[in-house]
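Here is a short tour for the bench, meant to be read with the structure open beside it. Please keep the sequence at hand as well.

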Amino acid sequence: IQGFINDAKDDADDAAKAQNGIASADAEKVGQDAVIQEANESIAKIDAKLPAEVARLDEARRSLELSEAAGSESAEHLRLRLKDGQPCPVCGATEHRVTEVDRHLKARVDTDRQRVAELEVAVISLQTDRAQANARIGAAEGSLPGIARRRSDCEADLTAARRRWGASITVIRSGCGEIGVTIPSLTVDA
């Protein structure tokens, strides 16, 4: 009978390990679900912001192209050929402050280049953040089948341990009854 008591205790221990495995798998799934939710929320925020940033970048690039065209050597060459009192072949004005215009145009080109660079960094950063969020989702979703398998294996182990425990208890009760011994109190239950 002592052997069956020891078996019942071992089966109860196995059942406890299986229950811990189930709890661990459940906790891991909750964690992965939280990762997926957080990443989806990040993507939603990025998707709301990214189109506006891309539009701002496109506009800044167009502005830079215009500034570069106005500040180009050919435009500067035309400005240098202007004669006082004669209409400009481009805009028709009879007065141009060539030096001041050149200085302003070059400053505008520099400002526009800096703005384009800043917006490119912002857009790339958002795109990178989105890609990283997608990667987190992929990794978390990829781990879910393994978690489910571990949980299922633990459930099968728990069922088997409980079945073995029950069989051991039945043998203990039967054996104790046959020999007239008081059934021991088993404090551990599977």
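What follows goes from the overall fold to a buried residue, then to the salt bridges and a surface patch.

## The overall picture

Before anything else, please note that this is a predicted model. The protein has three helices and zero strands, so a walk along the sequence gives the pattern α-α-α. Helix 1 covers residues 2-70, and helix 3 covers residues 98-179.

Of the 190 residues in the protein, 25% are buried. The accessible surface comes to about 12,500 Å², and carbon and sulfur atoms account for 54% of that area. How do contacts spread along the sequence? Taking contacts between residues at least 6 apart in sequence, 81% join residues at least 24 apart.

## A buried residue in helix 3

I137 is a good place to zoom in. This isoleucine lies in helix 3. Is I137 buried or exposed? Its relative accessibility is 8%, and it therefore counts as buried, the cut-off being under 20%.

Which residues does I137 touch, once its neighbours within four places in sequence are set aside? The contacts are I36, A39, N40 and I43. With N40, the separation in sequence is 97 residues, yet the C-alpha atoms of I137 and N40 are 7.7 Å apart in space.

## Salt bridges

Side chains of opposite charge can pair when their charged atoms come close. The structure holds 13 salt bridges. Three of them are set out below, with the distance given from N to O.

| Pair | Distance, N to O |
|---|---|
| D47 and R130 | 2.5 Å |
| R113 and E68 | 3.2 Å |
| E155 and R151 | 1.9 Å |

Start with D47 and R130, whose side chains meet in a salt bridge. D47 lies in helix 1 and R130 in helix 3, so this pair ties together parts that are 83 residues apart in sequence. D47 is partly exposed at 35% relative accessibility, and R130 is partly exposed too, at 26%.

Next come R113 and E68, which also form a salt bridge. Because R113 lies in helix 3 and E68 in helix 1, the pair ties together parts that are 45 residues apart in sequence. R113 has a relative accessible area of 43%, which makes it partly exposed, and E68 counts as partly exposed at 30%.

What about E155 and R151, and where do they lie? Both are in helix 3, four residues apart, which is about one turn of the helix. E155 is partly exposed, with a relative accessible area of 34%, and R151 is partly exposed with 26%.

Salt bridges can also be followed from one residue to another: D11, D14 and R164 are linked in a network of them.

## A nonpolar patch on the surface

Finally, turn to the outside of the model. Which residues form a nonpolar patch on the surface? They are I1, I179 and V181, and together they have about 260 Å² of accessible area. I179 has its place in helix 3. With a relative accessible area of 57%, I179 is exposed, since exposed means over 50%.

## Putting it together

Two isoleucines of helix 3 make a handy pair to look up: I137 is buried, whereas I179 is exposed. For links between helix 1 and helix 3, look at the salt bridge of D47 with R130 and at that of R113 with E68.

Conventions:
Residues are numbered from 1 along each chain as its sequence is written. This is a predicted model: local features need pLDDT of at least 70, side-chain atom pairs count only at pLDDT 80 or more; totals for chains, interfaces and linings use all residues. Side-chain values use heavy atoms; hydrogens and water are left out. Patches are made of residues with over 30% relative accessible area and no salt bridge: like charges are joined within 9 Å, nonpolar side chains (Val, Leu, Ile, Met, Phe, Trp, Tyr) within 5 Å. Accessible areas come from the Shrake-Rupley method with a 1.4 Å probe; for residues, only the protein chains shown count as cover. A salt bridge is a side-chain nitrogen of Lys or Arg within 4 Å of a carboxyl oxygen of Asp or Glu. Helices (H or I, at least four residues) and strands (E, at least two) are DSSP runs, numbered from the N terminus. Buried means under 20% relative accessible area, exposed over 50%, partly exposed in between (1.4 Å probe, protein chains only). Contact means heavy atoms within 4.5 Å.
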